[in-house]
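Thanks, everyone. Please have the sequence and the 3D view open. I will start with the core and work outwards from there.

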Amino acid sequence: QALHYALSGAAHIDTFDITFNAKMMMDIKTTAIQKLERLDYLRLINAVARSRDMLSVPEYQQIEQFLPDDTRDYVRGMRGAHLVRSGSYFETLYNDEYAKLQKIVNKPFNFIWTDLADLTAHLTQEYDQIYLSNILQYHARPEFVTGLISGLARFVKPGGLIMVNVAPFFVGEDIEVARYLKQHAEKYGFGV
């Protein structure tokens, strides 16, 4: 998502996740965009999803020396482990998008390594948008989600958005949380 925000003209992008693997993938992508042609980039992303040994991937070898030290050390230290879910990185960057990213992405995005429940303790500015992906699949409890959204609302500029993305399928408890969140937002005058 960070790459697509950059493509859309976002001036400042912060990313966050509970796992360092998210930073690793972001660092690999942003470095590869600067160092590889688009087809090599796509081969790299595909190989990362299948490999237990990124150090043996030719495209990774081309970018390894340019990665941040913590990411490079992490990949070396985790050699032999699957670092992403197999098949979970399907990239859809077209030629023009990739060319644009090569011009505008010249370093990794800021990464906040934290549990979602503690994210507000790490935020220091207001945002036009805050994007949350799949939180209902991990914390399908109405009170948690509502409290989380309410806490994050303090960091959204007037007229800004908090977007809650969900998986393409719902289960009963996800629907219940979505209804509760909608009712809560309407009660306090937030758009849904």
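Let's begin with the largest nonpolar core, which has 33 residues. Among them, Leu 44 and Tyr 60 touch the most other members. A nonpolar core here is a set of buried Ala, Val, Leu, Ile, Met, Phe, Trp, Tyr and Cys residues joined through side-chain atoms within 4.5 Å. Buried means under 20% relative accessible area, exposed means over 50%, and partly exposed is in between, using a 1.4 Å probe and protein chains only. At least two residues of this core come from each of helix H1 (2-7), helix H2 (20-35), H3, helix H4 (58-63) and H6. Helices are DSSP runs of H or I with at least four residues, numbered from the N terminus. Another core lies apart from this one. That core has 17 residues, among them Leu 123, Leu 132, Leu 148 and Val 177.

A word on the source. This is a predicted model, where local features need pLDDT of at least 70 and side-chain atom pairs count only at pLDDT 80 or more, while totals for chains, interfaces and linings use all residues. Residues are numbered from 1 along each chain as its sequence is written, and side-chain values use heavy atoms, with hydrogens and water left out.

Now H3. It has 13 residues. From first C-alpha to last it reaches 19 Å, close to the 18 Å expected at 1.5 Å a residue. The expected span is 1.5 Å times one less than the number of residues. Which residues of H3 are buried? They are Tyr 41, Leu 44, Ile 45, Ala 47, Val 48 and Ala 49. These buried residues pack against H1, H2, H4 and H6.

Next, the rings. The structure holds four aromatic pairs. In one, the ring centres of Tyr 41 and Tyr 98 are 5.2 Å apart and the planes meet at 50°, so the pair is tilted. Tyr 41 sits in helix H3 (residues 38-50) and Tyr 98 in helix H6 (residues 95-104), so to speak distant parts of the chain, 57 residues apart. Both Tyr 41 and Tyr 98 are buried. The rule: rings of Phe, Tyr and Trp (its six-membered ring) pair if their centres lie within 6.5 Å, with planes under 30 degrees apart stacked, over 60 edge-to-face and the rest tilted. Ring pairs also link Phe 20, Tyr 74 and Trp 113 into a cluster.

Stay in H6 for Leu 101. Is Leu 101 buried or exposed? It is buried, because its relative accessible area is 0%. Leaving aside neighbours within four places in sequence, Leu 101 is in contact with Leu 3, Ala 6, Leu 7, Ile 33, Gln 34 and Leu 93. Contact means heavy atoms within 4.5 Å.

Last, two polar residues. Arg 72 is in helix H5 (residues 69-77). Arg 72 is buried, with a relative accessible area of 19%. Its side chain reaches the backbone oxygen of Leu 67 at 3.0 Å. Tyr 60, from the core, touches Arg 72 too.

Asn 21 lies in helix H2. Asn 21 is also buried, at 16% relative accessible area. What does the side chain of Asn 21 reach? It reaches the backbone oxygen of Leu 83, at 2.6 Å. Not counting neighbours within four places in sequence, Asn 21 is in contact with Tyr 74 and Leu 83.

Key. A polar contact is a pair of N or O atoms within 3.5 Å; within protein, one must be able to donate a hydrogen and the other to accept it, and residues adjacent in sequence count only if both atoms are side-chain atoms.
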